[in-house]
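Here is a model to read through by asking one thing at a time. Keep the sequence and the structure in view while the questions are worked out.

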Amino acid sequence: MNLHIFDIFPIILFFISFFGLITTNNTMKSIVFIMLMQTAVIMFWVGVGARFGAQPPIIGDIAYLENPDAIADPLPQALMLTAIIIGIAVTAINITMLNALFRKYKTMNWQALQNLSSTEVEEDA
Amino acid sequence: MPSHILIFFVIIPIIIAVFVYVFAGLKSARLIAVIAQSAFLVMALFMLIASRTNEITISVGGYEGFLGIILRADNLAAIFIFLTVFIFLGLVIYNLRSEYNHTDRLYWFLLFILEGTLIGLFLTRDFFNIFVLMEVSTVVVVILLMHDRKRRNLFAGMTFIMVNIVVMQFYLFGLGYLYMVTGVMDMEAAAYVIAHMDTTELALPYALIMTSIAAKCSLLPLLTWLPKVNALTGSRFTIAALMSGLHIKSGVYLFIRFQDVFGGMASEFFLCIGIITAIAGIILALSQKDIRLLLAYSTVAQVGLIIAGLSLNDEYSRIGSVYHVVNHGLIKVALFLGAGMISYLYKTKDITKIRGLLRVSKPVAIANILAVLGITGATFFGSSISKYFMISGVTGALEWVFIFINFGTILVFVRYSAIFFGRPKGAVLAPDWCRESVVLCLGISCFALGVQPAINFLLNQQVELSFWGYLEKNIVFVISVVAAYLVYKFILVKRDFLRPLRRFDLSFKTMCVSIGAFFGVLLVVLKVG
Amino acid sequence: MTQVLLFFWVFSAACIVFSRKAYRVIIYFGVFSLITSVVYLALGAPDVAMSEAGISAFATIFFIVCIEQYYGRGEGLKSEAIASRRKIRVTFMKFVPAFLFTAGLFLLFVNSVPTGYAFTELRDQYLRMFMQDVGGENAVTAIYLGYRVYDTLFEALLLVIAVVAVTHVSWFSSEEVPDGQHSEIENSRMTKFTMRIICPIILLFGAYLIMNGHFTAGGGFLGGLAFASFFICRYLVLGIYDLPIKKVMKMEELVFINITILPIFAVFTGVVYLVADVTPLFQNIYLVAMSALVGMKVACGFFILFYRHIAIERLPADIDKKE
Amino acid sequence: MIYVISYIVMGLGLAFMMFGILGIFKPGKDFYYRILVACKIDTVGFLTLAIGMALRHGFSFFTGKLFLIVIIMMILNPLVSHIMASQAHKSGYVPSCENEDDAS
């Protein structure tokens, strides 16, 4: 076991939200938990970048020459900007779908939604 | 061929998409799109030829080293791109004469966007770029699946997209560890670093990444999402064909790439998983009545077979598996488009009610027969050769397992072939010549892939069939067909004992549990072995 | 210090997961994302921190709109409380296997974490090269708009598709709110007066972020969010509705085409790279133009997403029945 | 000298915040009371803290930014509290102490 302090908290959050995903009955909560999972992963990435130093990578020439090792890795940050935007876009789609489902079936329970929609499929066929 | 052309392989479909979207009022817009797509096919062919001698590489923006994103087209990527462009050309022509209104504009737009995304997925060698492209393709596929406003199944679509997001979080987490350990984002560089490294270090990133890729291939714990999505009410058969024929192949492609990067860790595990998935897929396919579900579960079985073949660590098996991906892609698209025509003609999707296709429409029936013969591995067809190579790498009991899986496939399609014979009940409609020709072309192309020059050309390797081995394989095939017919006639028709499996389905929570279980088991296997 | 913040971060997340009521989830979510962005800042990622802060505001709005239907605007709170109290004992036993499963996975995960052995060559290379290669002083923006602009292209594409998807998947097929439905929004005179002062400042802030994105934290995405919130404030507080959604969508597509074309000519063909040694002016023009395009794109996209949720998803169900 | 003053001012801000938080959790009070106290944390506490920071830092670009933030906070924070309280009033929330007054 060889854990950095920045690792352990994202891992805990990842599994807490995983626990939430496998226990909750509420669809909206599932969407929130997926967002939590994303945040955990993003935090992990940012932590990987900040392992050797946590100075923001916004530099002029002089600042870099003074102490290059204290600056955080810019690559994970740039990647995580993309990941955050992807996350919010997908969440918006999910929430819209859930809204439509709620309009139709008047429930947010996973099991009830599954039963209702499967009976509808049978009628269709 | 200049290497800058690789970027245009991604840009051209997007430009076509925007063109179709903007000029939707033009009547000839779709015709122009088809012509552009044909030209694009020629371009893909040129790239396939060019990639035979040396791989084409470009760093986007021309940055040195591994600073930018690197696109590479080797032979494997070129094969996949050619397959993609070919299948999309077929789909576009298939849709050419359907009615065209405001919402259909969106459909065409998304179709071409999906093409660009998939080509980008095959070209890129950057780990994070793969993540972005997989998310985009997932979202596009979801909208395409629920395109029909009136009859769509929102619940299944939502489950599909949410499971995919959860799985992608596993991928991103694994990528974080991979970046932490190797310090690069490029596949070739990562493979180089990994080759000089202790495997126990890599167990965690490998398990996380492979969990997501196994879910993308719809391997065992998650095998329900693909059929469920294919059988959505309100989704079109073209999209089902796309999902089964091509979208799932992107998962297989990534599987090949990542196994290369990691040097084939845990291949025994994936061999077992592949075989179990194949058997489970066959059993579930036998239990279905819906024509789409039957074909989709058959896809699950075939993908399991491909994954098993890729995990054998044998050169010939690998060639056979890659070739089987091409074969299966074409066959499945032909079968699904044929099934779409059939369900349009008969106005039903119940396979027990469709009879006498040979009397109704000759071209559709011929195309379907060609495709069925292709997927079962009949002599002279492409997939017989791919299956021959796949089996040539195994010996002993494992060979019998592969033969048994092929027997199961034959059993499924013996059941499916019942639709050709008998008399049609009730009125049927007249088919559309445009669609008929596409289906027929796809059926013939399944046959054409069995010709020796086609194999040598596609795989860029001089493969040789041993006459006696091939003969033996064909004798086994004939025996299996006879046995399958007997089993079907005397056991399956009499008693429908697979009926309880027909409603087999996993809820979202169960899927999450199975993702976790797959990850845990893989990690334990890696740590122990 | 960072460790303490991280501890509170996990604690607030645990509050989200273990709270029973859905509306509490949203309130805890706000707290959670606040702490998240502070931690990002502490870890040396100001761009990510600002994005998270902007994003969490929008996410909270989405969740509130969703849950508002669930509670029927005030009712249903009590019934849910009673139901949840009754269920506590039954569900507790159900949690035990799930908890054991998750704990097992967690232990397995923690046991096989690789020893933190990272190469920092790529980081050093980026920090050394980006001022000549791409320009600007912010390495994150340089990577986002220069080295990995190919990713940014697909990200913009995803946002376009998300807008299309939200419009397409929604229960309501119409894209515009029917006339007379905007009147629900009413605010006190004080609110309106203050927002009239604040709105231009928001606009100014957005412009600052876009223009200065390659020198300090910020950039196209955050500037776009600020622009979007300007239009949202106008719609929500002042009740001005002069941006028909169809026009915004068309504009978004146009901007997306520009986002595709600009890098093709600037980066894909290597123009920026070739010009790099000659003049940094071109680099700065490219960066600002790209930031502005991304900002416009994000502003359009988020305005539509927000507008769909706040105005259309909340309509009474019988206004536009499609099934 | 200026450092000592700045620390005293910042400590004062923290004290305001602490009292505010104690006030929020004071039992037996209704929503409007809590809104009032919460508003106090944001405005008074933050303001004092910001002034302390400005003093600590001296006159520079950073202080200008801080000044801008203080102005915006001064405008926005009371507004937010106002909106919350007025919406609570509009949606028909009746404070519990009013009922007690009626009873006595």
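Q: How many residues does the contact take from chain A and from chain C?
A: In this predicted model, the two chains can be counted one side at a time. Chain C gives 74 residues to the contact, while the number taken from chain A is 68.

Q: Which helix supplies the largest share of the side of chain A that touches chain C?
A: On that side of chain A, at least two residues each come from α1 (5–23), α2 (27–49) and α4 (74–105). The largest share, which amounts to 23 residues, comes from α4(A).

Q: By class, how many nonpolar residues does the side of chain A that touches chain C have?
A: This side of chain A has 5 charged and 15 polar residues, and the number of its nonpolar residues is 48. Chain A itself has a secondary structure of 0 strands and 5 helices, and 62% of its 125 residues are buried.

Q: Which helix of chain B gives the most to the largest nonpolar core?
A: The largest nonpolar core has 353 residues, and among those with the most contacts inside it are Ile93(A), Val139(B) and Ala162(C). With 22 residues, the helix of chain B that gives the most to this core is α6 (residues 154–182).

Q: Where does this core lie with respect to the domains of chain B, and why?
A: Domain 1 (1–125) and domain 2 (126–528) of chain B both give residues to the core. It therefore lies between domain 1 and domain 2.

Q: Which residues of chain A are in contact with Val139(B)?
A: Leaving aside neighbours within four places in sequence, Val139(B) is in contact with residues of chain C, namely Leu158(C), Ile161(C), Ala162(C) and Ala165(C). From chain A, its contacts are Val90(A) and Ile93(A).

Conventions:
Residues are numbered from 1 along each chain as its sequence is written. Chains are lettered from A and ligands numbered from 1 in the order in which they are written. This is a predicted model: local features need pLDDT of at least 70, side-chain atom pairs count only at pLDDT 80 or more; totals for chains, interfaces and linings use all residues. Helices (H or I, at least four residues) and strands (E, at least two) are DSSP runs, numbered from the N terminus. A residue is buried if 20 or more other C-beta atoms lie within 10 Å of its own, exposed if 12 or fewer, and partly exposed in between; C-beta atoms are placed from the backbone. A nonpolar core is a set of buried Ala, Val, Leu, Ile, Met, Phe, Trp, Tyr and Cys residues joined through C-beta atoms within 7 Å. Domain bounds come from an automatic or database domain assignment. Two residues are in contact if their C-beta atoms, placed from the backbone, lie within 7 Å. Ala, Val, Leu, Ile, Met, Phe, Trp, Tyr, Cys and Pro count as nonpolar, Asp, Glu, Lys and Arg as charged, and the others, Gly among them, as polar.
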